[in-house]
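Biologist: Before I rely on any label attached to this protein, I would like to hear the reasoning behind it. Could we look at the structure together and go through the terms one by one?

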Amino acid sequence: MYKYILESAGDINWMALFALITFFSVFGISAIMVFRKDKETLSHIANLPLADGDIVETNIEKR
Amino acid sequence: METQEVKTSTSQGGVDTFSYDDKIVRDFGIATTIWGIVGMLVGLMAALQLVWPALNITEYFSFGRIRPLHTNAVIFAFVGNGIFMGTYYSLQRLMKARMFSDKLSKLHFWGWQLIIVAAAITLPLGITSSWEYAELEWPIDLAIAVVWVIFGINMFGTILKRRENHLYVAVWFYIGTWITVTVLHVIKNLEIPYSMMHSIPVFAGVQDALIQWWYGHNAVAFFLTTPYLGLMYYFLPKAANRPVYSYRLSIIHFWALIFIYIWAGPHHLLYTSLPDWAQSLGTVFSIMLIAPSWGGMLNGLLTLRGAWDRVRQDPILKFMVIAVTAYGMATLEGPLLSIKSINAISHYTDWTVGHVHVGTLGWNGMLTFGILYWLWPRLYKTQLYSVSLANTHFWLATMGTLFYCVPLYWAGWTQSMMWKKFTPDGFLEYGNFLETVTQIIPMYQLRALGGAIYVVGVLIMAYNLYRTARSSSGVEDTTVQVAPRVKYVKAKGDHWHRWIERRPIQMLIFSAIVVLIGGIVEIIPMLIIDKNVPKIESVQPYTALELEGRDLYIKEGCVNCHSQMVRPFRSETERYGEFSKSGEFIYDRPFLWGSKRTGPDLHRVGGKYTHIWHYEHMRDPQSMSPGSIMPAYPHLLENEINTTYTKAKINVLRNMLNTPYPYNYAENAVDDLRKQAAEITAELREQGIDQEDVESKEIIALIAYLQRLGTDIKPKQ
């Protein structure tokens, strides 16, 4: 069935179209969702690498 | 709302005291350094062989066998251990939990090292599938799958027992990497074993090529890039002591990158026999890749806003800045190389090798070094032995990268122009391929010098790290006190993304869907629609002798230097003959199109030279082509043709993969092989070869295969 549908499609240009649409969907949806996030949560997550309680200054930073 | 919930719940709970498993991070760090040195030294050896062919010492260390050893060592041993080192360190801290199981961590570590050792033994022995970056044979493939699953269980187990609700973006990159590598590894390595160490691929010709480069490109994407982006998002803020510039941008970076990357593979096959629609998809998505890649690069560089004064002094930040910049350069150049008109010039030349090394030496190498320098004093609870040695290493690494890459760009461009140049009368200006090789030898010398400088830097780093570790007075695991995890209560107005980003399983499933879309749409039509690969009536399966010769071609790694794909350019059809058709490769398991022409294309070499020319050329290439940099293969004149598995191979090809061999051919295969060998030997004798027992030697099988290449569609004389 799938094979028949693909063959009947003639050339396979619809794939490029499909790819483009899905890309912009993924890109667009993630962009919209990201900009709807509240700042406090974002700040909390962004600071997670710095909040693991083992900040040690070595001779490299002290110079 | 959420912050308030966290605060309230924290005050109600107690405090957990636990330690992070730092030993496993140290172990992976040591392995990263050792395998880095080994892999780069092998690369240096390969680079020197291109300048002095006499360095092809014995069959086990000839270029064709050690080039895959180099790529496997630096990708899976150096970068692989680097990924695990960084992941095990950052994951525990981001999840505020010790690894799920110390036993699994150890199994993972030792399993991975054993796989590397197995690769280091089998590749010089010529045990290879010939697929670039997937050369290892089926038993090792199975071992990789098992160890990868162990890593996955350990990682997800840790995520599930975490004390932090949110998954930081680095963890998304780890999850995306894990699921995609799993899918790639399984599909790429679909093969049917016929012996304990050998197998025949399920897919042939064009289909095998598409799957190979879907895999090959994504090995770069999901082994050399996404996990390292995860490391960048963790270690760069740590080293700069400030959060990532834009967390929003990092989220878009993640989703856009994993979605687009998976489609870009066919850009490795432009102007080949791959159908046009697949080539176009590869080009379009490759160009689109610039957007998320540069978004990520800028996000990394801008994280250093306000800290640039420190970059002048801190070698760690220096390494990281160069790494992120190299990431930006490589991800701009990659899409440009995917434009057909540029690819027509760059493909098969050293330009590609230079491009790849901007990524590996610049991005992977420099980021790994930066992380190692950052981690070592912390893991060993001491100070770095010498900051000035680290600075020296930085300059050596930078100069080494430049000396490596710039000559190769020069070499690639020069050689490509020479390949394409015609005289005013319409003949090829450089009809002898060798002329275009000897012209760029000085560039190969400079490249080897660049590699040597880079390796010296790594050796200095190893010494520095060793002395740092020795100065440690004790290495206990880091103990921390953290509040238990607070159960998250959905707040009004929460959207689906928050739902995903707190739940690793959903993240895994969404990542898998996003990644699979590209793979399915691109690959399935190629597998099931016959008209993508038009059949050619005159194309027949290989004879038993040719098949054995083909396996020798694979064993010796000839594909590392010779393509079998004449592109439809006048400069190529003049030089090599009729351009290659997809229908000519339907019995090629694996496909052997190659990706680099250190020597000429061989697809139409059949019938071009006499048997004796091949015999003498394999014995001593310089005797037939003075100035050639090809290794000599005298052992082919001494070793007996191995017919132990001839029948088994034919059986797999005929009975399981529908290759149209005559009924009972497997039973008679060895007889047929001997008959054809006798015919070739008779011709060789007429031409003046008097070697005793030559009839049963490997050279005869290889000559049979080379003389068959590309002849199926030639008019019979």
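Modeller: Let us begin with a cut-off: a residue is buried under 20% relative accessible area, exposed over 50%, and partly exposed in between. Please keep in mind throughout that this is a predicted model.

Biologist: Why is B:L402 called partly exposed?

Modeller: The relative accessibility of B:L402 is 47%, and because partly exposed covers the range between 20% and 50%, B:L402 counts as partly exposed. This residue lies in helix 15 of chain B.

Biologist: What makes up the nonpolar surface patch?

Modeller: The patch, of about 480 Å², is made by B:M399, B:L402, B:F403, B:V406, B:L446 and B:L449. Two elements of chain B, helix 15 (387-420) and helix 17 (441-470), each give two or more residues to the patch, and helix 15 gives the most, with four. B:L402 can be a member because a patch residue needs over 30% relative accessible area, and its value is 47%.

Biologist: How do you know where there is empty space inside a protein?

Modeller: A probe the size of a water molecule is rolled over the atoms, and this shows where space is left empty. In this structure there are five cavities of 30 Å³ or more, and the second largest holds about 140 Å³ of space.

Biologist: What lines the second largest cavity?

Modeller: Its lining has 14 residues, with B:Y542, B:E584, B:D588, B:G710 and B:D712 lying nearest the centre. By class, five lining residues are nonpolar, five are polar and four are charged.

Definitions and conventions:
Residues numbered from 1 in each chain as written. Chains lettered and ligands numbered in written order. Predicted model: local features only at pLDDT ≥ 70, side-chain atom pairs only at ≥ 80, totals over all residues. Heavy atoms only, no water. Patch = residues over 30% accessible without salt bridge, like charges linked within 9 Å, V, L, I, M, F, W, Y side chains within 5 Å. Areas by Shrake-Rupley, 256 points an atom, 1.4 Å probe, with all protein chains shown as cover. Salt bridge = Lys/Arg side-chain N within 4 Å of Asp/Glu carboxyl O. Buried < 20%, exposed > 50% of the residue type's maximum accessible area, 1.4 Å probe, protein only. 1 Å grid on protein atoms, 1.4 Å probe; cavity = no way out; pocket = protein on both sides within 12 Å on 5 of 7 lines; lining within 4 Å. Points joined across faces, edges and corners; volume = space filled by probe spheres on them. Nonpolar A, V, L, I, M, F, W, Y, C, P; charged D, E, K, R; others polar.
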